[in-house]
Amino acid sequence: MTQYHIYAMGNALVDIEIEATAAQLSELAVEKGVMTLVDQERQKFLSANLPGTHHSRACGGSAANTVIGAAKLGAKTYYSCKIAQDEVGDFYTQDLHNEGVSSNLDVQSRELGVTGQCLVFITPDADRTMNTFLGISGELGEAEINFDALSQSQWLYIEGYLVSSPSAQEAAIMAKAHAESIGVKTAFSLSDPNMVRFFGDGIKTMIGKGVDLLFCNQEEALEFTKASSLEDASEQLKAVAKQFAITLGAKGALLFDGKNFINVEGFAVKAIDTNGAGDLFAGAFLFGISQGFDFAKAGKLASFASSRLVTQFGPRLTIEKMQEVKAFLKEL
């Protein structure tokens, strides 16, 4: 019997959401709608010069958001990451622990350095734009992998953002090889159009001969395959993933369960913040299939959960919104 449903690897980043207009982002030369890596000085400059509402910080990073969402639904999760011996790292460790996620941070000593942070700009159209300073997270490596915990997991989930760090990329490849050697299923997220656009070869190296399950949105799927249509992209993805889920925003998602394509309808809501929606989709979906759900049922749960998230600020469901998701789950 496995100890964890999901073992994830990703960049440990403290997320700070800031409400901003597209004009403000343009004035500061921030590329809207994607993730951009920046140095610490640039991040400090942006934080100081954007006058919009600043929301409370939260432990994050894409894969962290995914396993936190899965844990809130009842999955047993583990997260491998790297933080520094600083106040931000202290906050990250405590916040992750409070969310019910086991981690290498529970037992591993920390090094001197700076814990990574991500400024998440939310524009009135609900789009999210991220400027990320990786800090010590960019040094994630083999030392952060708990092979015993990985061996006792159903799924290994890797975020594509790790491709930007050579050591993290190598660690992800190592963890994937270990998982495959012992029958742990592998899941991978393309994470962001810019990751696919600028680190495409590295992502293909991380995917290797393929994964059991791939997560991406439509823009990432088109960029990765260089296809001109969703139909063509979905056919090409079969070459690198046994199964996959392509999120389509308000239109829901397109799933492939290894045999058939499944269309999952979206849920009509007024979106104010799409930050973390794809992460939660993956978390709810992985929770579902780890509980024996078929793709249609897992996809419907994931679509509903992410639709609740975009109606609020922040990458985590509020207590009230999570109660709505759990009530929906009981009715599935």
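Leu255 stands opposite Ile262 in strand S14, a pairing found in a predicted model. It belongs to the junction of S13 and S14, which pair in the antiparallel sense over 4 bridges. The hairpin of these two strands has 4 residues between them, and Gly258 there takes a positive phi near 105°. On the other side of the ladder, S12 and S13 run antiparallel and are joined by 4 bridges, with Ala253 in S13 as the bridge partner of Thr247. S12 and S13 likewise form a hairpin, with 5 residues between the strands and with Gly249 in the turn at a positive phi of about 65°.

The two hairpins can be set out as follows.

| Hairpin | Residues between the strands | Glycine and its positive phi |
|---|---|---|
| S12 and S13 | 5 residues | Gly249, about 65° |
| S13 and S14 | 4 residues | Gly258, near 105° |

Strand S13, which spans residues 253-256, is covered on both faces: Ala253 and Leu255 on one side, and Leu254 and Phe256 on the other, are all buried.

These strands are part of an open sheet of 9 strands with mixed pairing, in the order S6-S5-S1-S9-S10-S11-S12-S13-S14. Its edges are strand S6 (102-103) and strand S14 (261-264), each of which pairs on one side only. Elsewhere in the sheet, strand S1 (residues 4-9) and strand S9 (residues 153-159) pair in the parallel sense over 5 bridges, and Trp155 in S9 is the bridge partner of Ile6.

Helix H9 (residues 218-225) lies across strand S11 (211-217) and strand S12 (241-247), and runs at about 115° to S11. The axes of H9 and helix H10 (residues 230-237) come within 9 Å and cross at roughly 65°, so the two helices are roughly perpendicular to each other. The crossing of H9 and H10 is left-handed. The contact is made by Gln218, Ala221, Leu222, Phe224 and Thr225 of H9, together with Leu230, Ala233, Gln236 and Leu237 of H10.

Finally, the cysteines. A search of the whole structure finds 0 disulfides. Cys81 is in no disulfide, and the nearest cysteine sulfur, that of Cys59, is 8.7 Å away, whereas a disulfide would require the pair of sulfur atoms to be within 2.5 Å. Cys81 counts as buried because its relative accessibility is 0%, and Cys216 is buried as well, with a relative accessible area of 5%.

Conventions. Residues numbered from 1 in each chain as written. Predicted model: local features only at pLDDT ≥ 70, side-chain atom pairs only at ≥ 80, totals over all residues. Heavy atoms only, no water. Buried < 20%, exposed > 50% of the residue type's maximum accessible area, 1.4 Å probe, protein only. Pairing = 2+ DSSP bridges. Contact = heavy atoms within 4.5 Å. Axes fitted to C-alpha atoms, helices over the stretch in contact; angles between N-to-C directions. Parallel < 35°, antiparallel > 145°, perpendicular 65-115°, else oblique. Left-handed = near helix turned anticlockwise from the far one by under 90°.
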